[in-house]
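Biologist: I have just opened this one and would like a careful walk through it. Could you take my questions in turn?
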Amino acid sequence: MLLSFAQAQSFPSKPMRILVPGPAGSSPDIRARQIGTKLSAALGQPVIVENRPGGAGLIAAREAAKAAPDGHTMLLALINNAIGDVLKPDPCCRLNQELLPVSRFTMTPLVLVVHPSVQARTLIDYVQIAKQKQGGMTYASHGPGSISQLVGEWLKSETGTSILEVPYKAVNAELPDLIGGQVMTAFPVPQVIVSAVKSQKLRALAVLGPARINVLPEVPTVKESGLPGIEAMAWNGIFVPAGTPPSVIQVLHRELVKAYNSPEIKDQVTSTGSYVAADTPEEFAAFIRAENAKWAKVIKEAKISPD
């Protein structure tokens, strides 16, 4: 206990870093830089954001798990990391095991959108049309094991429809084809489609979260649309290597929650259709367990493979 207290008292003793499983300029990168600035000001050490894209988050997670467990290296994990732990677990760097949760940052519900040529005004309309056109409706995914693929397959299994997957190599790469009508359906985050929805280039049918969102208040949730049970949220949060002293995790948690809830960060997050979670390490760990169970069920029932 005394050693742990002493470690917390001297922490941080050198520059810190946040590993991000996304390229510079991506949403996770922006989020990491937002909190990095706040942490640096609060703790008196530089916070360096290092981008490690690729491997569905595994490259960044592997490096984080190998780092010294002293709190100076953090990982901004994404939902991709949790899905990967279920679909193709790597014992090097699993969330809640080799990497310990500190606090969840943002939660972002996905939105089911369609090209206007789809004659559906509600989610139930969409399901009925998809049943009539078995195999004729398409949805965009970001490849095997992506949340968009899992949601598309979940929707198919829940509704008894046969919607053809059209995989894309990168997140949001499907948007030009979606707006152009080459693919009919997608499950993006709100901020990338709000303007297209408002200009009627796309139609939003349902929010895949527990509540409506402020940037598209007229769009009902899946539950309100008569299809309860499907919920898909993109999220991110900070993890540290296993073995990091609890007292150091407490320091990081305290300062992260302050950063998350600072007016400028919270307002910016809200303006994109997301919200701040700012939970405790224990709550975050429970959330990860629930996510693993949810996506494991979807993966098993849809017979999804990692390749």
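Biologist: How much area does the chain expose, and what share do carbon and sulfur atoms supply?
Modeller: The chain exposes about 13200 Å², and carbon and sulfur atoms supply 56% of that area, with accessible areas coming from the Shrake-Rupley method with a 1.4 Å probe, where for residues only the protein chains shown count as cover. This is a predicted model, in which local features need pLDDT of at least 70 and side-chain atom pairs count only at pLDDT 80 or more, while totals for chains, interfaces and linings use all residues. Residues are numbered from 1 along each chain as its sequence is written, and side-chain values use heavy atoms, leaving out hydrogens and water.
Biologist: And what percentage of the residues count as buried?
Modeller: Of the 307 residues, 54% count as buried (under 20% relative accessible area, with exposed over 50% and partly exposed in between, using a 1.4 Å probe and protein chains only).
Biologist: Switching to charges, how many salt bridges are there?
Modeller: The count comes to 16 salt bridges, each being a side-chain nitrogen of Lys or Arg within 4 Å of a carboxyl oxygen of Asp or Glu.
Biologist: Which residue does Glu 98 pair with?
Modeller: Glu 98 forms a salt bridge with Arg 94, their closest N and O atoms lying 2.6 Å apart. Glu 98 counts as buried because its relative accessibility is 19%, whereas Arg 94, with a relative accessible area of 23%, is partly exposed.
Biologist: What about Lys 14, which residue is its partner?
Modeller: Lys 14 forms a salt bridge with Asp 70, with 3.8 Å between the closest N and O atoms. That pair links distant parts of the chain, 56 residues apart.

Definitions and conventions. Helix = DSSP H or I, 4+ residues; strand = E, 2+ residues; numbered from the N terminus.
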